[in-house]
Amino acid sequence: EIKSASVSFLYCYRTMKILVAVKRVVDYAVKIRVKPDKTGVETQNVKMSMNPFCEIALEEALRIKEAGFAKEVIAVSIGPSQCVDTLRTGLAMGADRGIHVETNSSFLPLTIAKILKSLADVENPGLIFLGKQAIDDDCNQTGQMVAALLGWPQATFASKVVLDKDKNVATVDREVDGGLETLNVDLPAVITTDLRLNQPRYASLPNIMKAKSKPIKKMTVQDLKVDIKSDIEILEVTEPPKRKSGVMVSSVDELIDKLKNEAHVV
Amino acid sequence: MHRFLVKLSSSSSNPLRSLKNQRLILPLLPSSKSFSSSSVSPPTRPSNASNRFGYPYFAEFLIKLSPLSSNSRTLGVNGSSSRCISSEAGRESIEYDVLIVGAGPAGLSAAIRLKQLSQEKNIDLSVCVVEKGAEVGGHIISGNVFEPLALDELLPHWRQEHAPIEIPASSDKFWFLTKDRAISLPSPFDNKGNYVISLSQFVRWLGGKAEELGTEIYPGFSASEVLYDASDKVVGIATKDMGISKDGSKKENFQPGVDIKGRVTLFAEGCRGSLSERIIKKYKLREEVNAQHQTYALGIKEVWEIDESKHNPGEVIHTLGWPLDPKTYGGSFLYHMNDRQVALGLVVALNYHNPFLNPYEEFQKLKHHPAIKGILEGGTVLQYGARTLNEGGFQSIPYPVFPGGAIIGCSAGFLNVPKIKGTHTAMKSGMLAAEAAFGALHEGLNMNTYWDNLRDSWVWKELYAARNYRPAFEYGLLPGLAVSAMEHYVLKGKVPFTLKHGKADHEATDLARKCTPIVYPKPDGVLSFDVPTSLYRSNTNHDHDQPSHLRLRDPKIPEKVNFPEYAAPESRYCPARVYEYIEDEEGKPKLQINAQNCLHCKACDIKDPKQNIEWTVPEGGGGPAYSLM
């Protein structure tokens with residue numbers, strides 16, 4: 001048992017790859033609106049950027065590589081042709097190569113997780129980093145699903161990641177409701193990143209130029225043999241109801257009357 | 001990686017150094033020291049006479065450059081070549097043949113023209129465009145009824161290339177508004193053949209065309225300084241350091257800026273460009289041709305999505321009169337675009353007298369006018385934005401060439417005020433500068449040909465014919481309208497005199513005690529809105545932890561002068577509520593600058609009475625994110 005672990009560790013350390021999934025989402029500062037046909041949020045003529053949590057995930061992967069624990073950082077994005085721009089930003093930050101799984105469908109987390117699992121089977125990374133959630137759907141599911149599909153340990157909402165190269169273990173501080181929880185996870189593992197983990201670097205102009213020549217491999221879901229049929233269908237997207245203005249009441253009796261007969265809460 | 005390191009070690013092959021060596025061999029050169037101070041003033045520019053190079057400055061500013069290819073390292077990226085990267089003392093330096101600051105209509109037209117010439121003559125030219133917006137088109141806002149004259153020259157097949165120019169102008173309405181009525185007047189505009197477009201969308205398309213031809217465009221990088229060589233010639237720009245915290249210290253993700261050098265540098269920063277203004281001052285480019293000061297207006301715009309039944313694509317409406325008083329020049333526009341969208345805005349000339357005037361609130365008032373309200377009711381606002389524009393026209397055009405490059409587009413000021421169109425002239429100026437730059441780099445000519453070609457072009461004829469409309473309004477609304485009618489129907493600019501502009505905008509503000517405060521109605525949340533709500537719709541954002549990009553030359557002037565004497569005009573004309581006076585611990589008013597809100601409109605740089613506010617670039621990528629404007 002120990003022998004095989006140390007053999008796999010040596011193998012991992014020398015050639016460890018880190019796979020980072022990055023999502024192209026509506027920029028966080030943009031005011032969104034629902035499409036008139038209610039099928040979703042308007043993304044035409046809207047500024048798109050890399051999901052902020054994915055930026056943090058990529059930054060952490062780059063720092064691990066720069067510390068000497070990994071050989072290669074691979075950025076992956078799943079979506080339409082413009083995802084290449086998001087991958088180029090990732091390459092400009094320092095990722096070594098990119099993989100673009102091109103599709104015009106908008107996939108839900110389980111499908112994305114299946115695609116990432118297929119890629120992990122091909123690339124054999126020692127770590128998979130994702131942002132804890134995407135700011136467009138706030139699902140907070142993909143990382144956890146990838147770990148389950150792969151049978152790997154997971155450490156989500158990471159606010160600190162420390163790698164122990166001797167023991168092939170990552171010690172992760174997680175931000176949970178009650179405070180901070182520290183976990184040791186054996187590699188290979190899935191880690192999803194939270195806000196306080198790091199501050200992502202700016203892509204410098206020379207790096208942006210160099211990134212143009214880094215390779216981005218195009219793939220399709222058929223190449224990865226992934227079943228994309230979804231169990232969930234989005235029926236309608238609407239704006240939240242406008243908050244009604246408050247009403248002043250003149251007496252306690254009036255308040256009780258309103259609570260009973262209008263709001264039906266008593 | 002290694003190909004960049006190789007360049008570092010051989011400093012003797014630094015093309016700029018070899019350039020200097022070349023210049024010293026040229027005859028009649030005083031030593032470079034004599035040009036470092038302002039003791040030598042550039043000669044006044046007579047219309048035809050010049051020294052034998054046809055250039056007002058001394059010979060060493062002549063750009064006699066040999067191609068860099070012998071010294072440069074071909075990087076082979078996107079087919080571009082002759083670009084070198086070197087690094088000294090932590091600052092990297094990247095060199096191009098032509099550097100263009102600003103990816104707007106002028107900058108991109110120049111890039112496209114350069115690449116076209118380079119393809120035609122089979123000479124490779126590396127062209128780089130830097131843009132402070134996060135995306136090309138993100139900082140672009142304009143009316144816009146587009147005259148395709150320059151585009152027809154630049155890209156004759158644009159109609160087959162999916163340009164976002166689809167809605168031809170179908171009607172020209174002109175209304176004089178009173179508080180309750182809209183009086184139809186004969187339209188002074190003739191927009192037949194023009195198109196109602198979103199300039200932001202058009203510039204994005206134009207950027208795509210420029211990239212297809214091999215231009216390197218880098219959005220998200222703001223040019224914060226001009227770089228000069230020892231002979232005071234412009235050699236490029238430095239991008240702003242990123243990752244500096246509010247107190248000036250370096251943050252964890254500090255990234256030093258980069259020096260981007262060009263054998264020719266073109267400034268295309270738009271109206272009141274921050275670096276362009278410095279260049280104009282430094283080389284005294286207005287004095288050079290006896291040009292007047294530039295005058296400006298502030299345009300505030302919203303894009304609405306309205307009821308299908310009220311939407312009439314191609315309809316063009318302009319108004320005059322209410323809500324502005326007869327002493328304030330300005331008017332509104334309402335253009336029907338496609339997709340049920342209308343562009344609606346108010347333009348207020350910045351030489352208004354009453355410091356209590358609030359252009360944003362005037363715009364909110366306008367929307368309640370019965371004629372405008374009818375169109376907007378039932379609709380929603382999609383985007384909001386604001387930007388200053390040039391109104392100086394012909395009289396204010398500076399000499400646009402300086403040692404090392406030229407100024408193109410609205411940074412120089414080619415907007416045709418009576419037509420209220422500046423896009424076509426900006427594009428043409430970019431094309432002419434590109435042709436001059438190509439000539440300077442490869443045919444032994446110099447950038448001076450840009451000035452000559454401008455004056456021979458339709459841009460000059462157009463601006464000359466339009467020169468007397470705006471200054472006539474100095475005498476009031478009715479005299480202005482009378483002169484406009486005369487000019488439009490009879491004179492068409494063929495008079496022997498040129499009217500002059502009045503005082504500079506910042507000097508035109510009266511003292512607060514001489515003026516009546518204006519009380520503006522509260523926004524109703526349906527047609528009119530408060531500033532924070534509108535600002536949210538501009539998608540503007542800046543990293544909050546950076547030093548304020550709005551600099552006060554004297555930090556005491558706001559409390560000593562602006563507040564007591566002018567009733568804090570900056571808290572009224574700024575369309576983004578950047579400037580607020582709050583009470584400090586002693587109950588005294590103190591200026592608070594909310595730099596994060598800034599829309600990059602430059603109104604404060606123009607209108608501050610003591611010219612105390614200097615607009616400088618924030619970190620690249622910040623600012624509004626216009627997509628429909």
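What percentage of the 266 residues in chain A is buried? In this predicted model, buried residues make up 46% of chain A, and the close-up views below take up particular sites in chains A and B.

**View 1. The fold of chain A comprises seven helices and 11 strands.** The C-alpha trace of chain A spans about 75 × 40 × 40 Å along its principal axes. Of the contacts in chain A with a separation of 6 or more, 70% are between residues 24 or more positions apart.

**View 2. A nonpolar patch lies on the surface of chain A.** The patch is formed by A:Val247, A:Val249, A:Leu255, A:Leu259, A:Val265 and A:Val266, which together have about 520 Å² of accessible area. A:Val247 belongs to the loop between strand S11 (216-219) and helix H7 (252-261), and it counts as exposed because its relative accessibility is 61%, where the cut-off is over 50%.

**View 3. Cis peptide bonds precede A:Pro188 and B:Pro323.** The bond from A:Leu187 to A:Pro188 has omega near 0°, and A:Pro188 sits in the loop between strands S9 (179-186) and S10 (189-193) of chain A. In chain B, the bond joining B:Trp322 and B:Pro323 has an omega of about 5°, with B:Pro323 in the loop between strands S16 (315-321) and S17 (330-336).

**View 4. Two aspartates, A:Asp138 and B:Asp232, have positive phi values.** A:Asp138, with phi near 55°, lies in the loop between strand S6 (127-131) and helix H5 (142-150) of chain A, and at 46% relative accessibility it counts as partly exposed. B:Asp232, with phi near 65°, lies in the loop between strands S10 (223-228) and S11 (234-239) of chain B, and it counts as buried because its relative accessibility is 18%.

Notes: Residues numbered from 1 in each chain as written. Chains lettered and ligands numbered in written order. Predicted model: local features only at pLDDT ≥ 70, side-chain atom pairs only at ≥ 80, totals over all residues. Heavy atoms only, no water. Helix = DSSP H or I, 4+ residues; strand = E, 2+ residues; numbered from the N terminus. Buried < 20%, exposed > 50% of the residue type's maximum accessible area, 1.4 Å probe, protein only. Contact = heavy atoms within 4.5 Å. Patch = residues over 30% accessible without salt bridge, like charges linked within 9 Å, V, L, I, M, F, W, Y side chains within 5 Å. Areas by Shrake-Rupley, 256 points an atom, 1.4 Å probe, with all protein chains shown as cover. Salt bridge = Lys/Arg side-chain N within 4 Å of Asp/Glu carboxyl O.
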